[in-house]
Amino acid sequence: MKYLFCALVLFSSVITGNAQKLPVTNVYCIYLNQPATTTIWQASKIELLNSYNNRAYNNQPYFINANEVLITSQGNGEDNTDIYSLDLQIHQLRRLVDNDGKDYSPRLSPDHSGDITCVHINKNDSIQNLCLFSGSDGSFKKYIFQGVGQIGYYRHFRKDLWVCFLVDQPSNLLSFINAKTMEKKIFASSIGRTFEVLSQNEILFVHKILPDQWILKSYDYSSQKMTSWAVMPPGSEDFALMQNGNVICASGSKLLLLDKDTSTWKELMDLASLGIHHMQRIAIEGQKVLVVDEPK
């Protein structure tokens with residue numbers, strides 16, 4: 001299925017129905033005209049990717065490789081969310097994971113099989129489990145975690161260990177879970193939705209210590225020690241790791257780079273002039289940056 005990109009405005013198809021909608025969000029791809037390692041970014045072009053689902057929910061973008069992207073979308077009037085695969089080079093769209101449940105947070109399986117992991121909620125249910133789907137036809141293959149808690153987001157850590165964001169009450173928890181034994185080890189609470197694996201021994205995450213004080217921290221699995229890296233910009237809990245280890249975050253209309261020497265954030269790019277004012281999740285691959293914006 002072919003689809004068309006446009007810089008800012010796209011036509012969308014109308015899907016009938018009376019289902020409750022998630023927030024309207026858009027996914028943009030920013031093409032940098034210089035290496036991402038520079039301290040000032042300029043865009044050669046910006047594409048709005050969700051032409052297939054305009055004025056609806058599109059979120060959690062993930063790079064399969066430099067040209068292929070996964071996006072979670074909910075169509076207007078639909079109740080379930082599906083996973084779409086987009087080829088940025090040939091402008092090809094595929095509804096990859098399509099079932100009567102809800103699927104979120106797609107990523108490549110760590111076993112290098114080409115299959116897709118997702119948080120899945122069965123129809124008429126509210127339990128959030130981590131599942132494996134076929135990367136070729138989107139069919140269900142197996143549960144990775146079932147009934148271990150309300151999994152919101154996740155990362156494979158090492159061997160059988162995964163790191164999972166649990167949206168269990170009373171607060172958001174960060175936990176290691178063993179896929180073989182189902183043993184769970186909670187190591188942080190009141191955390192932000194974004195976290196990344198730094199190495200086979202270290203996790204980087206946002207700790208929401210106070211409503212107005214969110215700290216970027218690392219956790220060492222072996223020593224069980226936490227280290228504070230920097231105070232996050234007000235209201236910002238979304239960041240991404242670059243291949244060189246640098247950390248970038250989204251704050252309003254700006255993309256910022258963490259200066260590790262001073263623990264301060266420096267501006268890379270401001271997208272306000274393009275009407276992008278409320279960025280959330282971000283992902284980076286080479287000279288391409290994916291950003292999610294929630295228009296107000």
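Strands are DSSP runs of E of at least two residues, numbered from the N terminus. In the predicted model described here, Ile-71 belongs to strand 4, which covers residues 68-74. The protein chain as a whole contains 24 strands and zero helices.

The overall dimensions were examined next. For a chain of 296 residues, a compact globule would be expected to have a radius of gyration near 19 Å, and the value of 19 Å for the protein chain agrees with this expectation. The C-alpha trace extends over about 50 × 45 × 35 Å along its principal axes. Of the 296 residues, 52% are buried. The accessible surface amounts to about 13,800 Å², and carbon and sulfur atoms contribute 49% of this area. When contacts between residues at least 6 apart in sequence are considered, 42% of them connect residues at least 24 apart. With respect to charge, the protein chain carries 27 positive and 29 negative side chains, and the centres of these two sets are separated by 2 Å.

The confidence of the prediction was also assessed. The mean pLDDT of the protein chain is 92, and 93% of the residues score at least 70. Residues 3-19 have a pLDDT below 50, and this stretch makes 46 contacts in the model beyond near neighbours in sequence.

Within strand 4, Ile-71 has a relative accessible area of 0% and is therefore buried, the cut-off being under 20%. Its contacts beyond four places in sequence include Val-27, Leu-49 and Tyr-52. Further partners of Ile-71 are found at Asn-58, Asn-59, Gln-60 and Pro-61, and also at Asp-82, Ile-83, Tyr-84 and Leu-86. By contrast with these contacts, the C-alpha atoms of Ile-71 and Gly-252 are separated by 21 Å, the two residues being 181 positions apart along the chain.

A second buried position occurs towards the end of the chain. Glu-294 is located in the segment after strand 24, which spans residues 288-293. Its relative accessible area is 18%, so Glu-294 is classed as buried. Apart from neighbours within four places in sequence, Glu-294 contacts Pro-23, Val-24 and Thr-25, together with His-278 and Gln-280.

His-156 provides a case of partial exposure within a strand. This residue lies in strand 11, residues 151-158, and is partly exposed at 29% relative accessibility. With neighbours within four places set aside, the contacts of His-156 are Pro-110, Leu-161, Trp-162 and Val-197. Ala-250 lies 94 residues from His-156 in sequence, and the C-alpha atoms of the pair are 23 Å apart.

The loop between strand 8 and strand 9 contains two of the residues examined. Asn-122 is situated in this loop and counts as partly exposed, with a relative accessibility of 32%. Leaving aside neighbours within four places, Asn-122 is in contact with Gly-101 and Tyr-143. The C-alpha atoms of Asn-122 and Asn-172 are 22 Å apart, with their positions 50 residues apart along the chain. Asn-124 also occupies the loop that connects strand 8 (116-121) to strand 9 (129-133). Because the relative accessibility of Asn-124 reaches 77%, this residue counts as exposed, for which the cut-off is over 50%.

Backbone geometry was considered for Asn-124 and for one further loop residue. Most residues other than glycine have a negative phi. Asn-124 nevertheless has a positive phi, near 60°. A positive phi, of about 65°, is likewise found at Met-182, which is not a glycine. Met-182 is placed in the loop between strand 13 (173-178) and strand 14 (184-189). With a relative accessible area of 35%, Met-182 is partly exposed.

Finally, Ser-223 is found in the loop that joins strand 17 (213-220) to strand 18 (225-231). Its relative accessibility of 37% places Ser-223 among the partly exposed residues. Ser-223 and Val-206 are 17 residues apart along the chain, and their C-alpha atoms are separated by 19 Å.

Note on methods: Residues are numbered from 1 along each chain as its sequence is written. This is a predicted model: local features need pLDDT of at least 70, side-chain atom pairs count only at pLDDT 80 or more; totals for chains, interfaces and linings use all residues. Side-chain values use heavy atoms; hydrogens and water are left out. Helices (H or I, at least four residues) and strands (E, at least two) are DSSP runs, numbered from the N terminus. The radius of gyration is taken over C-alpha atoms; the globule rule is 2.2 Å times the number of residues to the power 0.38. Buried means under 20% relative accessible area, exposed over 50%, partly exposed in between (1.4 Å probe, protein chains only). Contact means heavy atoms within 4.5 Å. Accessible areas come from the Shrake-Rupley method with a 1.4 Å probe; for residues, only the protein chains shown count as cover. Lys and Arg count as positive and Asp and Glu as negative; His and the chain ends are not counted. The place of a charge is taken as NZ of Lys, CZ of Arg, CG of Asp or CD of Glu. pLDDT is the predictor's confidence in each residue, from 0 to 100.
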